[in-house]
Amino acid sequence: MSAVLSLSRSLIPGKESVLEEAQRFLVGGVNSPVRAFRDVGGDPLVLVRAAGAEVVDHHGQTFLDFIAGWGAVVLGHNPPVVVEALRRGLDQGVLFGLTHPAEVELARLIVEAVPSVEQVRFMASGTEACLTAVKLARAHTGRTKVLIFEGCYHGHGETLMAGRSAGIPQAAAQDVVQVPFNDRGAFEAAVERYGRELACVIIEPVAANMGVVVPEPGILARIRNLTSRYGILLIFDEVVTGFRVGPGGAQALFGVTPDLTVFGKVIGGGLPIGAVGAPKRLMQHLAPEGEVFHAGTFAGHPLSMAAGVAVLRELNARAPYERLEQLAARLAQGLAASAQAHGIPIQVNRVGSMGTVFFSETPVRNQADAMASRQDQFAQWAKRLRAQGVLVSPSPREALFLTGAHTDAHIERLIHASEAAFHAMGE
Ligand code: PMP
């Protein structure tokens, strides 16, 4: 055997062994916990290719995909505009480590689409962007406490994961005030109690990390109102909703203007990205203008910028939002009708092209409701879909996403596959 062949054999495990090798060399066989499929059961999927609405595993099986890179690939997998942009980017150079035109262009596209944003700082992940936004808020207000909502996720930075992960000093929890999502009374009481100590309130304006939970009418406006009154900065974490629920994100959809916005996912066109955006007077706290330190070897990475520019230009040229709304509405209606026909109570929580199917008789308005839903039924549904070549998020605490690559036929296929799953589950 030639040296090259044996090298490639050892680097590319055989089809049968890749899962075993993943278990050996990666923690739990994955690089991000939800990929282990532990909430629904079954082996982790090993994917080798993705195009449009489909992904292919290492056995060569094709799946219709509604995970969509956890919402990042809003146009679907590998759209030609992104592939072309990346090819041009590769020709120009993978990493400059200094300012380049594509990052200026991506910032301009975000500023033009999101009126609350005048300046942008790019970084490598949503996690990094959330913790930078909180640091900036603390510097601006001179306060330390942060109010977060149960079930919202803002990356795995220390403050924002206090009480939710091992390895975080007890002291961090003292800086965090947590209230249930959609609980106006609890929010008002917390602000009344801690108002002048709170640097910021951070919220997913449409929650996507306890499954999708929609903000009740008026609650975001109430949060805006009270935070302004107490001099607390309001941070919208639009890592999921930015450029997904519409070009101006959730803030445009609900007509509520935050002080700081965090972006990620869609704006990187499928490549690593995070960003903080705000009016210039707030962004000026960041180094080199101000005293809040943030830096990054990969901040404004040329390939992420190139892919992001390509996607945002495409969204401007051919906005998919109306079509996505129609597809998603048909999907929600089809799933609800089919579940009802089989006597399985579900709630479809949805805003535009992001949604979650909760197996629950009652509406899901917060994390307690989400946890009380039938996760065993979700697991059965997801597993039976996978067996029929359809992938939904392998956890009821994640969202299902439609993309510009999904067609009416894809939606009907998910409804039909669910019909078969509900039929089997109802027996
Ligand atoms: N905020 C929200 C709302 C998210 O959904 C996520 C990731 N799913 C993050 C922040 C963290 O982003 P990243 O995974 O890029 O660190």
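1. In this predicted model, a nitrogen atom of the ligand lies 2.6 Å from an N or O atom in the side chain of D237. Two further contacts involve ligand oxygen. The side chain of T127 places an N or O atom 2.7 Å from an oxygen atom of the ligand, and a backbone N or O atom of G126 is 2.8 Å from an oxygen atom of the ligand. How much of the ligand does the protein bury? The ligand exposes 390 Å² when taken alone, and the protein buries 80% of that.

2. The three contact residues belong to a longer list. Around the ligand are S125, G126, T127, Y153, H154, G155, E204, N209, D237, V239, V240 and K265. Sorted by class, this shell has six polar, three nonpolar and three charged residues. Among the charged ones is D237, since Asp counts as charged; the side chain of D237 is the one placed 2.6 Å from the ligand nitrogen.

3. Two of the ligand contacts can be placed on the secondary structure. Helix α5 spans residues 126-141, and G126 and T127 both have an atom in contact with ligand oxygen. T132 lies in that helix. The side chain of T132 reaches back to the backbone oxygen of E128, at 2.6 Å. Is T132 buried or exposed? T132 counts as buried, because its relative accessibility is 1% and the limit for burial is under 20%.

4. The count of aromatic pairs comes to seven. One of them is F359 with F378, an edge-to-face pair with 6.4 Å centre to centre and 85° between the planes. The 6.4 Å separation should be read against the pairing limit, which is within 6.5 Å. The two residues are 19 apart and come from distant parts of the chain: F359 sits in the loop between β12 (354-358) and α13 (367-372), and F378 in helix α14 (residues 375-387). Both partners are buried, F359 with a relative accessible area of 1% and F378 with 3%.

5. F378 has a second aromatic partner, W381, again edge-to-face, with 5.5 Å centre to centre and 70° between the planes. This pair lies within one element: F378 and W381 are three residues apart in helix α14, so about one helical turn separates them. W381 is buried as well, at 1% relative accessibility. Which residues make up the aromatic cluster? F359, F378, W381 and F422 form one cluster.

6. One charge-over-ring arrangement deserves a remark. The charged end of R386 sits over the ring of F37, 4.8 Å from the ring centre. Helix α14, which carries F378, runs over residues 375-387.

7. Some backbone geometry should be checked by eye. Most residues other than glycine have a negative phi, and most peptide bonds are trans. The peptide bond joining A287 and P288 is cis, with omega about 10°. P288 is placed in the loop between α10 (280-283) and α11 (302-317).

8. Positive phi values occur at two residues that are not glycine. W70, in the loop between β3 (62-65) and α3 (80-92), has a phi of about 55°. F243 has a phi near 60° and belongs to the loop between β8 (233-237) and α9 (249-254). F243 counts as buried, at 4% relative accessibility. Strand β8 ends at residue 237, and D237 is the residue whose side chain contacts the ligand nitrogen.

9. Two C-alpha separations set sequence distance against distance in space. M305, in helix α11, is 201 residues from V104 along the chain, and their C-alpha atoms are separated by 8.9 Å. M305 counts as buried, at 0% relative accessibility. F181 and L90 are 91 residues apart along the chain, with 44 Å between their C-alpha atoms. F181 is in the loop between β6 (176-179) and α7 (184-194) and also counts as buried, at 2% relative accessibility.

Note on methods:
Residues numbered from 1 in each chain as written. Heavy atoms only, no water. Near = heavy atom within 4 Å. Polar contact = N/O pair within 3.5 Å; in protein donor to acceptor, adjacent residues only side chain to side chain. Areas by Shrake-Rupley, 256 points an atom, 1.4 Å probe, with all protein chains shown as cover. Phe/Tyr/Trp six-rings, centres within 6.5 Å; stacked < 30°, edge-to-face > 60°. Helix = DSSP H or I, 4+ residues; strand = E, 2+ residues; numbered from the N terminus. Buried < 20%, exposed > 50% of the residue type's maximum accessible area, 1.4 Å probe, protein only. Lys NZ or Arg CZ within 6 Å of the ring centre and 35° of its normal.
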